[in-house]
Amino acid sequence: MTTPAGGWGDVPGLVGVTEAHHETTLTVEHERLVEAALHLRDEAGFTFLADITAVDYLGYGTESVSGFLGTPGGRDLNAPMTQGLQAVPAEKSRRFAMNYHLLAIATPPRRVRLQTFVDDGESVPSVIRVWPTADWHEREAYDLMGIAIDGHPNLVRILMDDDWEGHPLRKDYPLGGEPVRFSGEE
Amino acid sequence: MTATAKRPAGRAIYEGTRIPYPIPTVLQTSQALWDTGDVMTVNFGPNHPSTHGVLRLVVDLYGEDVTGLAAVVGYLHTGFEKNMEHKTWWKCITYPERIDYVSYQNNEYVFVAAVEKLLDLEIPPKATWMRTLLCELNRIHSHLVWLGTSALELGAISMFWYAFREREQILDLFELVAGYRMHTRYFQVGGLAEDIPRGFYPEARKFCDWMPRAIDDYETLLTRNKIWLERTEGVGLLSAEDAIALGQSGPVLRASGVDWDIRRDEGYLAYHQVDFRVPVFAEGDVYARYRVHIEEMRQSVRIAEQCLDRLERMEGEPWIADDRKVVLPPRHELHTSMESLIHHFKIVTEGFRVPEGEVYTAIESPRGELGCYVCSEGGPKPWRVKFRAPSFVALQATATCMSDALIADMIAIVGSLDTVMGEVDR
Amino acid sequence: MALEGGRLRDQGLKSERLLWPTKGPSRFEEEVDDLEQRVGLTTLAKAVAWAQTNSMWPDTFGLACCAIEMMSIVTARYDIARFGMEPFRGSPRQADLLIVSGRVSNKMAAPLRQIYDQMLEPKWVIAMGACASSGGMFNNYAIVQSVDKLVPVDIYVPGCPPRPEQLVEGIVRLHEAVKAGVPPAYELRSVAS
């Protein structure tokens, strides 16, 4: 829906394009992320970085019992074969994904998601020189997910305490809290 | 938007930017000033009457000039996103409300909209219009809280009482329709949780008739008030390019001259079917942001009236989608239909399942672009939920707005960015 | 030693008596009555208690959603100025009452304790809302599960967020407890474990 006239072939490091739910996702290699970001900002006009989201795919596809009940054509209680088959989600190539949600303030407005996959230990280059707003978003990705950002001038914890150990939003980090005690029990 | 020349990703993203270097969000005192020995570092701690919640600002002061500024956040970090990964989709809806606790209906809506996008659900028009009405009432509520508290900090104490008088009326409306004043949890995946009660429309009409006069009262108090003008005009300047580079949205962006409003430009709910104006001012100072907020309140009342016009004719229509895999069946059916009973049981115990995928939904919350990224694994619980909070991004602009500011200006600027710390820290 | 008009239990706490004339004494009233008999207020102590309750100034410690409802008790409709409490002091040195309104994260725990320590005695604490009373809906790594692990609490006000009337009820009960001679929480108990 937001495909430019020449297609997305010009984006450096492009690995794949996905279209789903009226959204376009461009997957790039993390080594060429800054080039892709510059291209999208200057050539394609995506001057506004809305959000950076880090996702941890550890255990993806093993948690739920089965997939969604239904087929792309729809579900109908009275038509049994539309209930669909159990589907297990496809595996992701690496553990972490960094999603950059971009917006072009134009008429008509365009949105795109720039996505790159990294493994635990690999670092993602910073796009702070492309969009200065990335500063705190990248700090949050580092703080909560532990994804190292290369070239960030101030990579310290932002939401957790400075001396906190661990990265809370990772899937192998426990939820925490404590068991609820009830007043009647001894 | 005019075509931009190639900009090097080097020291400055473009000529004339006031964004600090090397860290865009930290204003640093120059070495020459440090050498004078007169610079004092002061902590505007997390508990401060004027920082709109638990925000900590570490400020370098040279006399009254603010020469260095760094914001420290995280004092309200609640772990929303991690908590939501452990709850079913239904139970998750209570969480987003508490993120931005002043515009809670908008937060509920953005999450519910993202889930409905993944499910590809069709929402009945009555629910769409009611959601629009509630989101607009919430916008007025949020602007009133902002106006009351920001004016209070600058010394216009009486504004606080006037603003909260109308706020009580809006909360009465919310209580009438949803049962509770704040954090109503009235939006459900598929529509509304319950039908709209009788007696709501006349009360809402009374409010919409009264509100424009109340806004006139606020303008009488502040808009041409000499003290207000001296404190806010020319303070906290943010240019349009800086605002876009810093990811600002909402009133801050529109006060800097950029004509961008997600309700009108991208459209969601019933905004493309109502008539309203989007206020844009070019000065980029605190006064312009104040004018934008006031004008937005007036436009919200207009939208609310148009929603009421449509809703009053929709008596008896369904308020939630009919998809029984996701939505509970009507209670009377449970006595007669076996399938309804089974669906009810499955939805309540296990929860409905949302197809695998990821979406990013953005709406125009009173603070700016509120986005919700949802990644589903195909199961009854979310895999990852992330909220793009406009206040988180707005606080990044504090350092840029603060060039040549005094302490008193700092209070005005931080107030004008309309931050809610629950959103910033999540 | 006895109050004019009989013991507090005979007069009943006005807030409940008006609504339920036939209601018997609640546990709270029985505890207050018990303490009254053991403590035995003198006239001077009663006068001091009267003065303390009628100008108990809160500290601005609004954290999250409950803070918005706390702000609305200052406004005209719920009006705590009738209790003498509308000046919310910015400095804890000038405040008597700490209304912890909102969720306390681990990062905020140290500033909270610091503010509490800076307040001068006598000082009281109201834990407003579910998050301050018990951690609320956030049973996770980030939120302290009840503020009474950090400071001794006098009154817990449930709700998410509590209606302004609920908070005013909590404040009224605190006033009545002080007038009855109940000492502030730091004299009765330490922080929870």
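What follows is a walk through a predicted model, starting with the contacts between chains, continuing into the sheet and helices of chain B, and ending with the fold of chain C.

Consider the contacts between chain A and chain B, where 45 residues of chain A are in contact with 56 residues of chain B. On the side of chain A that touches chain B, helix H1 (33-42), strand S3 (48-56), strand S4 (96-104) and helix H2 (134-145) of chain A each supply at least two residues, and S3(A) gives the most, with six residues. Sorted by class, this side of chain A has 27 nonpolar, ten polar and eight charged residues.

Chain B also touches chain C, with 27 residues of chain B in contact with 28 residues of chain C. Helix H2 (80-84) and helix H7 (157-178) of chain B each contribute at least two residues to the side of chain B that touches chain C, and the most comes from H7(B), which gives four residues. The classes on this side of chain B are eleven nonpolar, eleven polar and five charged residues.

Within chain B, an open sheet of four strands has the order S1-S2-S3-S9, with antiparallel pairing. Its edge strands are strand S1 (39-44) and strand S9 (405-406) of chain B, each of which pairs on one side only. Strands of a sheet pair through backbone hydrogen bonds, in either a parallel or an antiparallel arrangement. In this sheet, strand S2 (residues 56-62) of chain B pairs with strand S3 (residues 65-72) of chain B in the antiparallel sense over seven bridges, and the reader can locate one bridge by finding B:Asp60, whose partner in S3(B) is B:Gly68.

Helix H17 (residues 407-416) of chain B is a good place to look at burial. Eight of the ten residues of H17(B) are buried, and the helix is therefore largely enclosed by the rest of the structure. The buried residues are B:Asp409, B:Met410, B:Ile411, B:Ala412, B:Ile413, B:Val414, B:Gly415 and B:Ser416. What they pack against includes two strands of the sheet described above, S3 and S9 of chain B, together with helix H6 (125-154), helix H9 (226-232), helix H13 (286-311) and helix H16 (398-401) of chain B. Just after H17(B), the backbone at B:Asp418 takes a positive phi of about 55°.

H13(B), one of the elements against which the buried residues of H17(B) pack, also meets helix H8 (residues 200-222) of chain B, and the axes of H8(B) and H13(B) come within 10 Å and cross at roughly 165°. Because angles over 145 degrees count as roughly antiparallel, H8(B) is roughly antiparallel to H13(B), and the crossing of these two helices is left-handed. From H8(B), the residues that meet H13(B) include B:Tyr201, B:Ala204, B:Cys208, B:Met211 and B:Ile215, while those on the H13(B) side include B:Ile294, B:Met297, B:Val301, B:Ala304 and B:Leu308. The residues of this contact divide into 13 nonpolar, no polar and four charged, and among the residues that meet are B:Arg205 and B:Glu219 in H8(B) and B:Arg298 and B:Glu305 in H13(B).

Chain C, finally, has nine helices and four strands, and its elements run α-α-α-α-β-α-β-α-β-α-β-α-α from the N terminus on. Of the 193 residues in chain C, 44% are buried. Among the contacts in chain C with a separation of 6 or more, 81% are between residues 24 or more positions apart.

How values were computed
Residues are numbered from 1 along each chain as its sequence is written. Chains are lettered from A and ligands numbered from 1 in the order in which they are written. This is a predicted model: local features need pLDDT of at least 70, side-chain atom pairs count only at pLDDT 80 or more; totals for chains, interfaces and linings use all residues. A residue is buried if 20 or more other C-beta atoms lie within 10 Å of its own, exposed if 12 or fewer, and partly exposed in between; C-beta atoms are placed from the backbone. Two residues are in contact if their C-beta atoms, placed from the backbone, lie within 7 Å. Ala, Val, Leu, Ile, Met, Phe, Trp, Tyr, Cys and Pro count as nonpolar, Asp, Glu, Lys and Arg as charged, and the others, Gly among them, as polar. Two strands pair if DSSP finds at least two bridges between them. Axes are lines fitted to C-alpha atoms, for helices over the stretch in contact, and angles run from 0 to 180 degrees between N-to-C directions. Angles under 35 degrees count as roughly parallel, over 145 as roughly antiparallel, 65 to 115 as roughly perpendicular and the rest as oblique. A crossing is left-handed if the near helix is turned anticlockwise from the far one by less than a right angle, and right-handed if clockwise.
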